[in-house]
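Good morning, everyone, and thank you for making the time. I would like to walk you through one model, going from helix packing to a few individual residues.

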Amino acid sequence: MTVRLGLIGTGTVGGGCLDILRNHKDEFRRHYGVDLEVVRVCSREPEVARSFGFADVFTSDYREVVTDPNVDLVIELIGGTTVAHDAVCEALRNGKAVVTANKALMATAGEEVFSLAEEHGVEVAFEASVGGGIPIIDPLKHSLIANRISKVMGIVNGTTNYMLTRMDEEGASYEEALADAQARGFAEADPSADVDGLDAAAKIAILSSIAFNSRVNLSDVHAEGIRNITTTDLQTARDMGYCVKLMAIGHRTDDGVDVRVHPTMIPLSHQMAKVNGVYNAIYVVGDAVGETMFFGEGAGAGPAASAVMGDVLEVARHIETGVTSFVGCTCTDSLPIVPMDDLETKYYIRFPVADRPGVLASMAGIFADFGVSIYSVVQRGQKEAGTVEVVYVTHVARERDIRAVVAKIASLDDVLHSEPSIIRVED
Ligand SMILES: NC(=O)c1ccc[n+]([C@@H]2O[C@H](COP(=O)([O-])OP(=O)(O)OC[C@H]3O[C@@H](n4cnc5c(N)ncnc54)[C@H](O)[C@@H]3O)[C@@H](O)[C@H]2O)c1
Ligand SMILES: N[C@@H](CCO)C(=O)O
Ligand code: NA
C-alpha cells in the first residue's frame, strides 16, 4: 500500500522534506516497507513545486489538499496560528493524519488539535516543533515514560544561541549576529519571536506538557529574551566562570510546574555551556533514569526536515499497518502553574550609572531595604565619559523582591537605563 502525502509549505522546511524524499524514497520502501507518494503540494511558490517535478499536483489553496480524498497524511509547514490552524484542523476533521513542525500552533491550540485527532481516530506528530532534528518529543512520549520527570531544561532556540555565541566568542554586535542568523535561515519570519524568547516559550510549553503530563500553554510561560544582553554581560559572566544562554526551563515542584524562558548564567563546567552556535540541547531529569541530555541542530532545512520525515515514516507505517493505538494526548493531570513572582534563585543585575559619589551606597541601601543579600558587586570601567556599569550578583532571592529592587533603583536619577540587564543564575 502507498501512503499518499499532501505537503503544505515548501519554504525552508518543506523544501528540506522534498529533498529528503528525492534522495531517500527508495530506501524508505526497502528498509521500512513504506511507500510514500506526494499527491498534492501547496505553497505560495509554484516554482519550488515545479523544480521538484510536482507542477501537475500544485495548488496555492490549502483547502484543495485537506479535502482531497486521495490524501492520507497532511504535512503542515506553513507556520503560525491562522492558516496553519485551519489547515491542520480541517485535515483532522477530514480523517487525515497530520505531521507538523509548528510549535506556535501546538503550544496555543494543542488541546483542540488533540481533541480533533482523537475524535476522528487519526494521529498527530510534531517532533520538528522542538529542537529541530533532535529527537526529544518521541523519547519523552516513549522511552522515558517510566520516569517521573522533575526538570526539562533546554537551549531550544538556535537563532539566539547562535547570536550569543557570536557575541561571546567574536565580540559581534547584537545587530550583526541577528543579520547573520537570518541569512542562514535559522530565524523565524519575524525574528522578534526568537530574540524575545517566544519561540523558546512555545517549545518549553510543549515539552513541559509532555514531561509533566499536564497542559502548559504558551500563555503560562514567563518569557524574557536577549535584547538587553550586551558583550559586557557575556564578558563579566565569563570572568566569573559562567556563560550566558537563553534557557527554557520547566520544573516540577511541590507547588506545581514552574515554566520560564530567560537569559541564564550557567557554570562553564556545565554540559549545557558547551552547546554553542545553532546547536540546541535539552536536558531532562527523571527519577529512574537520572540526568539525560539530547543534543543536535535545532534549526535549518536539513535538521527540521529530518524530524518531519521521521514522523511521516512512523505515522505512514501506522496507517499502512492499521495501527490505531498510537500515543495521543498525554496531559492526564492538571497541575497548577507556579507564579514567576515566587521564583527563588540567584540574580545577576547590571545597571549603567553616573560615575558620581554616593551612587553605589544608595543602590546598596535599596537591596537592603528589600532584604536581598548581595554576593558580589563589580564596577566595570567607563563606557561613556562619566558613566560606569555596576554589576550585582545576589545570594538566593525571591523574584518579587528583585523586581521591587530593580524598579526602585531604575528610578534613581543617577541610573541611566530604565531596563537593566537581569540574568538568573543556575548553579
Ligand atoms: N526554519 C527552521 O529552521 C525551522 C525549524 C523547526 C521548525 N520550523 C517550523 O516549520 C514551519 C515552517 O517554517 P519555514 O522556516 O519552512 O517557513 P518558510 O517561511 O520558509 O516557509 C513557509 C511556507 O509556507 C507557505 N505559505 C505561507 N502562507 C501560506 C498560505 N496562506 N497558503 C499556502 N502556503 C503558504 C509559503 O509559501 C512557504 O512555502 C514553521 O512552523 C516553523 O516554526 C522551522
Ligand atoms: N527560529 C527557530 C527555528 C527552529 O524552530 C530557531 O532559531 O531555533
Ligand atoms: Na525535535
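Let me begin with a question: which residues in α7 meet which residues in α8? Before I answer, please keep in mind that this is a predicted model, and that what I describe is computed from it. On the α7 side the residues are T159, Y162, M163, R166 and M167, and they meet Y174, A177, L178, D180 and A181 in α8. Sorted by class, this contact has 7 nonpolar, 1 polar and 2 charged residues. As for the geometry, α7 covers residues 158-170 and α8 covers residues 174-183, and their axes come within 9 Å of each other while crossing at roughly 135 degrees. The two helices are therefore oblique to each other, and their crossing is right-handed.

The next pair is α5, residues 103-120, with α10, residues 198-211, whose axes are 9 Å apart and whose packing angle is about 55 degrees. α5 and α10 are therefore oblique to each other, although here the crossing is left-handed. From α5 the contact takes in K103, A104, M106, A107 and G110, which meet D199, A202, K203, A205, I206 and S209 in α10. Those residues divide into 6 nonpolar, 2 polar and 3 charged.

If we continue past α10 into the loop that leads to β8, we come to N213, and I would ask you to look at its backbone. Most residues other than glycine have a negative phi. N213, which is not a glycine, has a positive phi, near 55 degrees. As to its surroundings, N213 has 18 other C-beta atoms within 10 Å, which is why it counts as partly exposed.

The third pair brings together α1, residues 12-32, and α12, residues 301-321, which pack at about 45 degrees with their axes 9 Å apart. That angle makes α1 oblique to α12, and the crossing of the two is right-handed. The contact involves T12, V13, G15, G16, C17, D19, I20, F28 and Y32 in α1, and A301, G302, A304, A305, V308, M309, L313 and R317 in α12. By class, that comes to 11 nonpolar, 4 polar and 2 charged residues.

While we are on α1, is N23, which has its place in that helix, buried or exposed? N23 counts as exposed, because it has 9 C-beta neighbours inside 10 Å. To relate N23 to the pair I began with, its C-alpha is 33 Å from that of R166, and the two residues are 143 apart in sequence.

Finally, let me turn to two helices and their buried residues. In α11, which runs over residues 231-239, D233, L234, T236 and A237 are buried. Viewed down the axis of α11, the buried residues fall within an arc of 165 degrees, so they line one face of the helix. Just after α11 comes G241, with a positive phi of about 90 degrees.

In α13, residues 359-369, the buried residues are V359, M363 and F367. They cover an arc of only 75 degrees around the axis, and therefore lie on the same side of α13. On the other side of α13 we find A361, G365, A368 and D369, which are exposed. α13 is followed by G371, and the phi of G371 is positive, near 70 degrees.

That is where I will stop, and I am happy to take questions.

Definitions and conventions: Residues are numbered from 1 along each chain as its sequence is written. Chains are lettered from A and ligands numbered from 1 in the order in which they are written. This is a predicted model: local features need pLDDT of at least 70, side-chain atom pairs count only at pLDDT 80 or more; totals for chains, interfaces and linings use all residues. Axes are lines fitted to C-alpha atoms, for helices over the stretch in contact, and angles run from 0 to 180 degrees between N-to-C directions. Helices (H or I, at least four residues) and strands (E, at least two) are DSSP runs, numbered from the N terminus. Angles under 35 degrees count as roughly parallel, over 145 as roughly antiparallel, 65 to 115 as roughly perpendicular and the rest as oblique. A crossing is left-handed if the near helix is turned anticlockwise from the far one by less than a right angle, and right-handed if clockwise. Two residues are in contact if their C-beta atoms, placed from the backbone, lie within 7 Å. Ala, Val, Leu, Ile, Met, Phe, Trp, Tyr, Cys and Pro count as nonpolar, Asp, Glu, Lys and Arg as charged, and the others, Gly among them, as polar. A residue is buried if 20 or more other C-beta atoms lie within 10 Å of its own, exposed if 12 or fewer, and partly exposed in between; C-beta atoms are placed from the backbone. The arc is that of the directions from the helix axis to the C-beta atoms.
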